[in-house]
Amino acid sequence: MHQLTLRGTPTQMGEQHGAIMAKVEPQLPPTTPQMMAFAEACEKLVLQYTPAIVEEMRAFADAAQLPYDALQSMMLAMPVQQNVPSCSVVAVMPERCADGKLLVGRNYDFTYGISWDAATMYTTYPVDGHAHIGNSDIWIGREDGLNDAGLFVAISATFLPGVQAGIPFWYIVRHLLEYCTTVDEALTWIQSIPHSQSRNYMLADATRAVVVEASVEGVYVREPEDGMLVMTNHPTHPALAARNPFRPHDSPIRYDRLRALRPSDDGGVTLDDMKAALNDRVNCVCAHGTVFDQPFGTIWSVIARPEDRHLAIAQGTGDNKGTMTYRDHEI
């Protein structure tokens with residue numbers, strides 16, 4: 001898993017990142033007039049709700065020596081629905097934890113051919129936002145992370161119908177990490193924006209956790225039950241569950257496994273209990289297999305303690321053997 005540190009204004013961070021990518025001469029996927037038109041419509045909305053992203057994206061393209069219209073299409077016009085089961089997240093509330101501090105566990109799963117070599121841990125120090133550690137397999141965006149205010153954010157895929165001009169999920173996560181301090185602040189922003197497609201979002205700070213089930217038709221919020229909160233790849237809010245046309249067969253298995261997370265002794269849930277749950281292959285939480293004839297599995301795993309501004313991050317094993325090895329990080 002690559003590690004990269006970025007500092008400064010959006011332009012400066014885009015230049016730093018782009019200069020690194022220029023050395024490997026990245027190739028962008030082909031675009032079409034339809035994709036370019038959709039990307040331009042999305043960019044107008046990104047400029048309205050989180051303009052720093054566009055500033056960074058333009059600086060990245062220049063420094064990486066990439067045509068901006070092709071980069072724009074890749075970053076803004078690729079929110080296509082793919083029925084790929086991916087990602088499991090669980091938040092254990094303070095009253096259920098051994099040390100009385102909220103604990104979050106998250107596995108990011110995708111096809112190895114797309115994500116394994118691209119997986120990167122970004123440590124980001126923006127001049128006008130929160131410092132944060134975040135992980136991603138796509139440039140500029142983030143798919144999970146923790147900021148210096150103690151706000152944790154992570155996504156998981158859902159498959160509700162509809163794609164519209166809006167903000168892609170990887171930029172939503174990036175904005176929340178950079179500009180929001182608490183779950184309440186994050187909720188206010190995420191409920192105000194147009195979403196380009198359906199996604200679940202786990203938002204957690206030292207005392208509160210919620211799941212946001214977002215779609216092109218509306219945004220719904222779930223609260224913990226019995227001190228536990230889980231999201232996998234199917235909506236469970238009553239307003240959305242009945243409209244879901246596709247549910248990966250293992251999504252409810254993973255959901256139930258994490259909902260049933262219990263301490264290994266008479267105390268509360270510990271870090272070791274969380275690691276064991278995230279490494280559970282029997283119940284598919286640690287994914288390894290084949291999807292669309294492509295090798296697929298857990299790319300990285302994260303355990304967050306928002307109150308302590310602490311992340312333990314492990315790259316997935318890449319096979320069906322062994323235990324993920326976590327490294328500690330603080331922001």
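Where does isoleucine 138 have its place? Look in the loop between strand E5 (132-136) and strand E6 (144-147). Keep in mind as you go that this is a predicted model. Isoleucine 138 has a relative accessible area of 15%, so it counts as buried, the cut-off being under 20%. Setting aside residues up to four places away in sequence, isoleucine 138 touches Met75, Tyr122, Glu143 and Trp170. There is also alanine 118 to look at: it sits 20 residues away along the chain, yet its C-alpha atom is 7.1 Å from that of isoleucine 138.

Follow the chain from that loop into E6 and you reach aspartate 144. The side chain of aspartate 144 meets that of arginine 106 in a salt bridge, at 2.5 Å from N to O. Aspartate 144 lies in strand E6 and arginine 106 in strand E3 (residues 103-111), so this pair ties together parts that are 38 residues apart in sequence. And how accessible are the two partners? Aspartate 144 is buried, with a relative accessible area of 0%, and arginine 106 is buried too, also at 0%.

That pair belongs to a bigger tally: a search of the whole structure turns up eleven salt bridges. As a general point, side chains of opposite charge can pair when their charged atoms come close. Another example is arginine 208 with aspartate 184, whose closest N and O atoms are 2.3 Å apart. Here arginine 208 is in the loop between strand E8 (199-204) and strand E9 (209-215), while aspartate 184 is in helix H7 (residues 183-190), so the bridge ties together parts 24 residues apart in sequence. Unlike the buried pair, these two have some exposure: arginine 208 is partly exposed at 25% relative accessible area, and aspartate 184 is partly exposed at 46%.

Then there's glutamate 217, which forms a salt bridge with arginine 243, the closest N and O atoms being 2.1 Å apart. This pair links distant parts of the chain, 26 residues apart: glutamate 217 is in the loop between E9 and strand E10 (218-222), and arginine 243 is in the loop between H8 and helix H9 (251-259). Glutamate 217 counts as exposed, at 57% relative accessibility, whereas arginine 243 is partly exposed, at 36%. Salt bridges can also share partners, and that is how Glu56, Arg174 and Glu178 end up joined into one network.

Those three names come up again if you go looking for internal space. The count comes to one cavity of 30 Å³ or more, and the largest cavity has a volume of about 50 Å³. Its lining is made up of Pro10, Met13, Thr50, Ala52, Ile53, Glu56, Arg174, His175, Glu178 and Tyr179. By character, the lining residues divide into five nonpolar, two polar and three charged. Which helices bring at least two residues each to that lining? They are helix H1 (10-22), helix H3 (52-64) and helix H6 (169-179). H6 gives the most, with four residues.

Now jump along the chain to asparagine 233, in the loop between strand E11 (228-231) and helix H8 (238-241). With 0% relative accessibility, asparagine 233 counts as buried. What does its side chain reach at 2.9 Å? The partner is the backbone oxygen of alanine 157. The asparagine 233 side chain also makes a polar contact of 2.6 Å with the side chain of arginine 254. Leaving out neighbours within four places in sequence, the residues in contact with asparagine 233 include Pro85, Ser86, Cys87, Thr158, Phe159 and Pro248.

Two loop residues with unusual labels on their backbone angles round off the tour. Glutamine 65 has a positive phi of about 60° although it is not a glycine. You'll find glutamine 65 in the loop between H3 and helix H4 (68-76), and it is exposed, with a relative accessible area of 68%. Cysteine 284, likewise not a glycine, has a positive phi near 70°. Its loop runs between helix H10 (271-278) and strand E12 (288-291), and at 22% relative accessibility cysteine 284 counts as partly exposed.

Terms used. Residues are numbered from 1 along each chain as its sequence is written. This is a predicted model: local features need pLDDT of at least 70, side-chain atom pairs count only at pLDDT 80 or more; totals for chains, interfaces and linings use all residues. Side-chain values use heavy atoms; hydrogens and water are left out. On a 1 Å grid over the protein atoms alone, a cavity is a set of points where a 1.4 Å probe fits but cannot get out, and a pocket is an open set with protein on both sides within 12 Å along at least five of seven lines; lining residues have an atom within 4 Å of a point. Grid points are joined across faces, edges and corners, and a volume is the space filled by probe spheres set on the points. Ala, Val, Leu, Ile, Met, Phe, Trp, Tyr, Cys and Pro count as nonpolar, Asp, Glu, Lys and Arg as charged, and the others, Gly among them, as polar. Buried means under 20% relative accessible area, exposed over 50%, partly exposed in between (1.4 Å probe, protein chains only). A polar contact is a pair of N or O atoms within 3.5 Å; within protein, one must be able to donate a hydrogen and the other to accept it, and residues adjacent in sequence count only if both atoms are side-chain atoms. Contact means heavy atoms within 4.5 Å. A salt bridge is a side-chain nitrogen of Lys or Arg within 4 Å of a carboxyl oxygen of Asp or Glu.
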